[in-house]
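Please work through the exercises below with the sequence and the model in view. Each task is followed by a solution that can be checked step by step.

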Amino acid sequence: MHSWSQRLPYRVVVIVVLILSAAAPFLPSSADAAAQFQEAFLRLDRMKVNTATGGMVCAKPSVVNLASTEAHIMITFPTTYTLNTTAANWTVTTTNLPTGATAWPGIATATAVNNGAHTAIFPSTDLASSSTLYCFNFAAVSTATTAVAAANSQQASITTQDSGNATIDQTPIALANNTDDTIVITAVVPPSFIMTLSGYTDSFTTNLDPLSVVSTSGVTSTFITNAKGGWIAWAKDLYQGLHSAAASYTLPTTGTVGDSLSTQLVPGVEGFVMDVLLTTDATDGCIVGINADYDGTTQAQPTRSGGTLASTYQPIGSCTGTSGTPPTGTANGDVITMTERAAISGVTPAGTDYTDSITVVGAGNF
Amino acid sequence: MKRVVLGVISLCLAFSSLLGPATAIAADDLHPLVLETSPLPISLVADPGTTVTTDIRVKQAGPGDAKLQVKLQKFGAFGDQGKPKLMDPEPGDEFVKWVKFDKTEFDAPANVWQTVHMTISLPKTAAFGYYYAAVFSRVGDDVHRDNRTNSIAGATAVLVLLEARNPNANRTLVLKSFASIHRIYEFLPSSFNVSLDNTGNVHAVPHGDVFIKQNGKQIGVLPINAGGGNILPQSVRIFPAKWTDGYPAFQDVLVNGSVKIDNKGHQVQALSWNAGGNNPFSKIRMGKYTAELFAVYDNGHNDVPIEATLTFWVIPWRFLLAVLVVVVLVGLGVYLMVRGTLRRVTHRLKRLRRR
C-alpha cells in the first residue's frame, strides 16, 4: 500500500505550486489591504515656525481599495507640531477648493485629536470615485501649531479608515517650516507728470483762403499727474504768426496777449490764433480750465476764434485742485485740443511755405 | 593719376550712399510725444557758497527711441491765482549761471528712465528764493515743416524751488481775502477762495482747514492747500475750497469715466438728490451757515495762525417755492371745499326754516 505522498506525482505538485505562485499577487491578503492614494497633499496655511495654522487636505482614492467604505480621515502631523486637543476647534469648510476638486463627502468637525500621537480624526463618508480629488479645509484658530524650529522633511501622513478603523488608503507626506513665510513688499509711487502730445505737426486742412477762416486738424495734449496741485500748460510761438521765407512775410497773430477774451477772426482780414478746447476732464481729479484768451468758445463763432500767440510762454490751460473731500489735485487723463486758425486777405503774399513753430510745455504745479 | 582720383571719389560716393542721415533721428521718423518726468516739484534749501544737487528722472514712452534735451528756464508767479509763469532767462539772471546739468542732450530708449543730475553752485552772495524750471523736450521737434504745416514741440517742465538760507529771510503771509463765491447758494456746492499774499522774500507753505458750521455745530471740514503748494514771494495765491457734502447738490455728469463736456467745451453738471448714508435728513443743506478759516504757516521760527470767518446761506428757493405753491393750492382747495359745504348746509338750513 502506497502512502498519500506516494500517490501524488511530483509533476502535479510542481504545477500546483507554479499556479499558486502566479495567482498569488491577485489574491487578497492582509499585507496589501492598505494602499496609497493616487494623489494626496496637505497644504498648510502657514509655514512659519511656531505659528498657528489651518490647512487644506486633498486626496484621490486608490483604485484597488475603492470598494472599501471610508468612515474617517486621519491626519498625522509631524511630531514637532503641537495640536490643540479640543476636537470642537477643528472645524472644517469646503469652500475655495482647487479647480476640479470636490468637497470631501461627509466631512465634519474633528471627532478626536491626540497630541501624543499627533493625529486629528475627522468623520467621512464613502469616497466613491477614484477619478475625483476630494478636499476640505480645517480651521486655523486653536488647532495646529507649527514646529518651533525650522526644519525640512518632517514626516506626516493622510489616512482614510473604514468604520472599524482599518486603514484603507494612506500616503506619507513631508512638511517643512521656515523662519518666515511672508514676503514684505514695499513700493514707492513717486510724484510724476506725464504729457502726451498726439503729434508734432499740425496741418491746415485746406489752403488758406480770403473767403474763410481755415483751421488745422488739431493736436491733443493729455495730462496725467499725481501732483496734488494739479497741472498747468504754457505755449509760446516762434514767429507770432505764420511765416513764409519765400514770400518774406509773416501773417501776424491777432489780438492782445493775455486778453480776457479770445479773438474771433474775420474772413478776408489777416489773422492767426490758436484755439484751446477742453476735450476731457477726467473724473475724480482737479478741475480743468482753459485760459480765457485761448478759449474760442467765449466767442460767437468758436471755430473762427482763438488766442493771441506770443514769443514768451503764456498759460493756455490748467487743472486746479480743490479742497473738497477728498482733496482733488491729481489728473488721470485730462485732454485739451490745440487748433491753429488763420485768415488771409486778398493781398496776402502767395507762398507755399507758410509755417509756424509752437512750443507747448506742461508741468505739475508747485 | 586722373583715373585713380576719379576711382577714389567714386568709391567715397558709393560708400557715403550707404550711410544714414547726418542726424541720429530724422524729423520724419518722429512719433507722437509721451514724456514722463519725476519728481515734481523739487524744493531745495542750501547755504550760500555751497553746492546742492538733485536728480531729475525723465522717460519717453516711445514707441521708438529718441534723443531728449534739457534746457533751463525760470518761473515766477502768474496773476493772482498763484500759477507758475514759465519764462526764458534774461541777461541779468545770474542765478541761471549757477546751474549745470550733467548732460543736456542724451539718447532715450523707449520706456527707460534717464536720470539727469542738476547741480546748483550757490555763490556766497546768494540769498532767499530762486525758481528754476528744467524743461525736457525731444530734439528735432521744433524744426520747420513743409507746406501748410506747423510744428508743435512738446515739453515737460520740472519746477525747482531753491532757498538760499539767509538770516534776513522773511516769510510772511497776509490774508488778502477769505470769500464765498456767492452769499446765497440755491444748492451745494458752496465755493470759497482763500487768498494769501506772500509779502516776504522767500516762498512759504500755508496749510489749514475751513470749518463749516451751522448753529455752532461743525458739519464739514475742507482742507486748504492739502497738496502743500508754495506761495512765491511778492505774489498772491488763491486756494479754492468747495463744500459738496450734502444734498441737493450740483455734481459733475460723468460719461465713460470723464466729466461730460458740452458743445462749448464746459463741464456739465446736474442737480443730484442722492443723499447717501444712513441718515439722509442730516445731509439736507438749508439755512444759514458759517465758514471759519483756520490756517497756519511756518515763518521760520514758529507757526503763525491765520483766521477768518464768513457767513453764507443755502436756500433752495425754487424748491421751496414749488412746495409753497403746492401747499397754497392744497389749502385753497380745502378752503373752497369747506366753503362750498358750509354754503350748501346754510342754504339747506334756510330752506328748512322757510318751510
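The exercises that follow concern a predicted model, and they move from confidence to the contact between chains and then to single elements and residues.

**Exercise 1. Find out what the confidence scores say about the model as a whole and about chain B.**

Solution. Begin with the scores for the whole model, which are ipTM 0.79 and pTM 0.73. Next, turn to chain B, where the average pLDDT is 87 and 89% of the residues score at least 70. Then look for a stretch that falls below this, and you will find that residues 8-29 of chain B stay under 50 in pLDDT, with nine contacts beyond four places in sequence. Where pLDDT is low, the predicted coordinates should not be read in detail.

**Exercise 2. Describe chain A by its elements, its burial and its contacts.**

Solution. First list the secondary structure: chain A has two helices and 27 strands. Then consider burial, where 44% of the 366 residues of chain A are buried. Finally, take the contacts in chain A between residues at least 6 apart in sequence, of which 75% join residues at least 24 apart.

**Exercise 3. Work out how many residues each chain brings to the contact, and which element of chain A gives the largest share.**

Solution. Chain A brings 61 residues to the contact, and chain B brings 60 residues. On the side of chain A, the elements that each supply at least two residues are β14, β15, β17, β18, β22, β25 and β27. The largest share within that side, eight residues, is supplied by β27(A). Sorted by class, the side of chain A that touches chain B holds 25 nonpolar, 30 polar and six charged residues.

A last step looks at strand pairing across the chains. β15(A) and β10(B), the latter covering residues 149-164, run antiparallel and are joined by three bridges. Within this pairing, A:Asp202 has B:Asn150 as its bridge partner.

**Exercise 4. Trace the order of the five-stranded open sheet in chain B and explain why its edge strands are left without a neighbour on one side.**

Solution. Following the sheet across, the order is β12-β22-β21-β14-β15 of chain B, and the pairing is mixed. The strands at the edges are β12(B) and β15(B), and because each has a single partner strand, one side of each has no neighbour in the sheet. To examine one of these pairings, take β12(B) and β22(B), which pair in the parallel sense over two bridges. Here B:Tyr185 has B:Val314 as its bridge partner in β22(B).

**Exercise 5. Test the length of helix α2(B) against the expected span, and decide whether the helix is buried or in the open.**

Solution. The helix covers residues 317-354 of chain B, and at 1.5 Å a residue its 38 residues should span 56 Å. The C-alpha atoms at its ends are 54 Å apart, which agrees with that expectation. For burial, count the buried residues: the number is zero among the 38 residues of α2(B), so the helix lies largely in the open.

**Exercise 6. Locate the domains of chain B and describe how domain 1 touches domain 2.**

Solution. The domain assignment gives domain 1 (29-164), domain 2 (173-246 + 285-315) and domain 3 (328-355) for chain B. The C-alpha centres of domain 1 and domain 2 of chain B are 33 Å apart. In their contact, ten residues of domain 1 of chain B meet eleven residues of domain 2 of chain B. On the domain 1 side, β4, β9 and β10 of chain B give two or more residues, and β9(B) gives the most, with three residues.

**Exercise 7. Find where the cis peptide bonds from B:Ser38 and B:Tyr247 lie, and place two residues with positive phi.**

Solution. The bond from B:Ser38 to B:Pro39 is cis, with omega near -5 degrees, and B:Pro39 sits in the loop between β1 and β2 of chain B. The bond from B:Tyr247 to B:Pro248 is also cis, with omega near -5 degrees, and B:Pro248 sits in the loop between β16 and β17 of chain B.

For positive phi, B:Phe128 has a value near 75 degrees and is placed in strand β9 of chain B. B:Phe128 counts as partly exposed because 18 other C-beta atoms lie within 10 Å. B:Gln234, with phi near 55 degrees, belongs to the loop between β15 and β16 of chain B.

Note on methods:
Residues are numbered from 1 along each chain as its sequence is written. Chains are lettered from A and ligands numbered from 1 in the order in which they are written. This is a predicted model: local features need pLDDT of at least 70, side-chain atom pairs count only at pLDDT 80 or more; totals for chains, interfaces and linings use all residues. Two residues are in contact if their C-beta atoms, placed from the backbone, lie within 7 Å. Helices (H or I, at least four residues) and strands (E, at least two) are DSSP runs, numbered from the N terminus. Ala, Val, Leu, Ile, Met, Phe, Trp, Tyr, Cys and Pro count as nonpolar, Asp, Glu, Lys and Arg as charged, and the others, Gly among them, as polar. Two strands pair if DSSP finds at least two bridges between them. pLDDT is the predictor's confidence in each residue, from 0 to 100. The expected span of a helix is 1.5 Å times one less than its number of residues. A residue is buried if 20 or more other C-beta atoms lie within 10 Å of its own, exposed if 12 or fewer, and partly exposed in between; C-beta atoms are placed from the backbone. Domain bounds come from an automatic or database domain assignment.
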